[in-house]
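Visitor: I'd like to walk through this one and hear the reasoning behind the labels. Can you show me what we're looking at?

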Amino acid sequence: MRTLLLAALLTVTGVAGAGAQTYPTKPITIVVPFAAGGPSDALARILGDRMKTTLGQSFIIENVTGAGGSIGVGRALRAAPDGYTISFGHLGTHVANQAIYPLQYDMLADLDPVVLLPSNPMVVVSRNTLPAKSLQELITWLRANQGKATAGTAGAGSGSHIAGVYLQNLIGLQFQFVPYRGTAPALTDLVAGQIDIIVDQASNSMQQIRTGNIRAYAITDRKRLAAAPEIPTVDEAGLPGFHMTLWNGLWVPKGTPKDVVSKLNAAVVEALADPAVKQRLTDLGLEIPERDQLTPEALGAWHKAEAAKWWPVIKAANVKPE
Ligand code: ASP
């Protein structure tokens, strides 16, 4: 009798386990296309920790780095469309890269959107030993060190790189970009004084700014950050209009069952409504999207619109792959 019951149970779970009803039945991998300890990694880990409570399975963060994030996105995109591999990315990896690298895939056609994630303004930061004390002084210093000044990035097409190119164009200067596998290692080098500046995601630099290990000049937003109200905006600091917000998102390989996408989406929505998660994100200077922006359809529409807006601009800037 017991054997029979067990056999029946196994058959039932076996059949149901193959479908979306019981999803997830094993750990889920989020492919983060940048180095561990960086801003993308941090956001993915905060979410994964909380999504585990909703979905009952743990989340594995896989850092697949290189080529501005395009290697990691490719790895996620080629995985089975079963909801067990998720692609984490942002304006750089999921939009800019397609205008820079000769990719074997199409970001808009080969991925299904899951959810838009919190966004982050950038912050202009420098090594502490650099003499400039304000954004104006920094620009003067950069002008005096034209072509020699080094700017750390997470690779061509990453957020820090697009923001750096944008700054170059605004002030009519050239920097020497130094690509890393993420802004975590770039920040380590900035603290050590090995490179001069980073136009970094605020969430990445925040801790080092607070402890005084690097100097912050301006936030690329219209308003100051609640998490660091002492840093002026670019408009206040003398570079009006240098606005850039790096939005993040989650995608799955094309053809992932709709109800699986719904479960993942609901788990993120629940995570973003959790006061403890909200607090952690706000402390990092991250802004949570409005509820109506948190549907897969909203990310799909946003992704298309951002591609239409940025591809011509990035192609015109003639950014070279790493
Ligand atoms: N988000 C990247 C990282 O986590 C940095 C970037 O895009 O600039 O390292």
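Guide: Let's begin with a term: a crossing is right-handed if the near helix is turned clockwise from the far one by less than a right angle, and left-handed if anticlockwise. Keep in mind that this is a predicted model.

Visitor: Which hand does the crossing of H2 and H10 have?

Guide: H2 passes H10 in a right-handed crossing. The two helices, H2 (residues 39-55) and H10 (residues 258-273), pack at an angle of about 115 degrees, and their axes are 9 Å apart.

Visitor: Which residues make that contact?

Guide: From H2 you have Leu47, Arg50, Met51, Thr54 and Leu55. H10 brings Lys263, Leu264, Ala267, Val268, Glu270, Ala271 and Leu272. By class, that contact has eight nonpolar, one polar and three charged residues.

Visitor: Why are H7 and H8 called roughly parallel?

Guide: Angles under 35 degrees count as roughly parallel. The axes of H7 (residues 183-191) and H8 (residues 202-210) cross at roughly 25 degrees and come within 10 Å. H7 and H8 are therefore roughly parallel to each other. Their crossing is right-handed. Thr183, Ala184, Leu187 and Val191 of H7 make the contact with Asn204, Ser205 and Gln208 of H8. Sorted by class, that gives three nonpolar, four polar and no charged residues.

Visitor: And what makes H10 roughly perpendicular to H11?

Guide: Here the range is 65 to 115 degrees. The axes of H10 and H11 (residues 275-283) cross at roughly 75 degrees and come within 5 Å, so H10 is roughly perpendicular to H11. Ala271, Leu272 and Ala273 in H10 meet Pro275, Val277, Lys278 and Leu281 in H11. Those residues divide into six nonpolar, no polar and one charged.

Visitor: On to the ligand. How do you know that serine 40 makes a polar contact with a nitrogen atom of the ligand?

Guide: A polar contact is a pair of N or O atoms within 3.5 Å. A polar side-chain atom of serine 40 lies 2.8 Å from a nitrogen atom of the ligand, so the pair counts as a polar contact. Histidine 90 has a side-chain N or O atom 2.7 Å from an oxygen atom of the ligand. For threonine 183, a backbone N or O atom lies 2.8 Å from an oxygen atom of the ligand.

Visitor: Which residues are around the ligand?

Guide: Among them are Phe34, Pro39, Ala154, Ser158, Gly159, Ser160, Gly182 and Gln201.

Visitor: What makes the bond from tyrosine 23 to proline 24 cis?

Guide: Its omega is near 0 degrees. Proline 24 sits in the loop between H1 (2-18) and S1 (28-32).

Visitor: And what is notable about the phi of alanine 67?

Guide: Most residues other than glycine have a negative phi. Alanine 67, though not a glycine, has a positive phi of about 50 degrees. You'll find alanine 67 in the loop between S2 (59-63) and H3 (70-77).

Notes: Residues are numbered from 1 along each chain as its sequence is written. This is a predicted model: local features need pLDDT of at least 70, side-chain atom pairs count only at pLDDT 80 or more; totals for chains, interfaces and linings use all residues. Side-chain values use heavy atoms; hydrogens and water are left out. Axes are lines fitted to C-alpha atoms, for helices over the stretch in contact, and angles run from 0 to 180 degrees between N-to-C directions. Helices (H or I, at least four residues) and strands (E, at least two) are DSSP runs, numbered from the N terminus. Angles under 35 degrees count as roughly parallel, over 145 as roughly antiparallel, 65 to 115 as roughly perpendicular and the rest as oblique. Contact means heavy atoms within 4.5 Å. Ala, Val, Leu, Ile, Met, Phe, Trp, Tyr, Cys and Pro count as nonpolar, Asp, Glu, Lys and Arg as charged, and the others, Gly among them, as polar. A residue is near a molecule or strand if one of its heavy atoms lies within 4 Å of it. A polar contact is a pair of N or O atoms within 3.5 Å; within protein, one must be able to donate a hydrogen and the other to accept it, and residues adjacent in sequence count only if both atoms are side-chain atoms.
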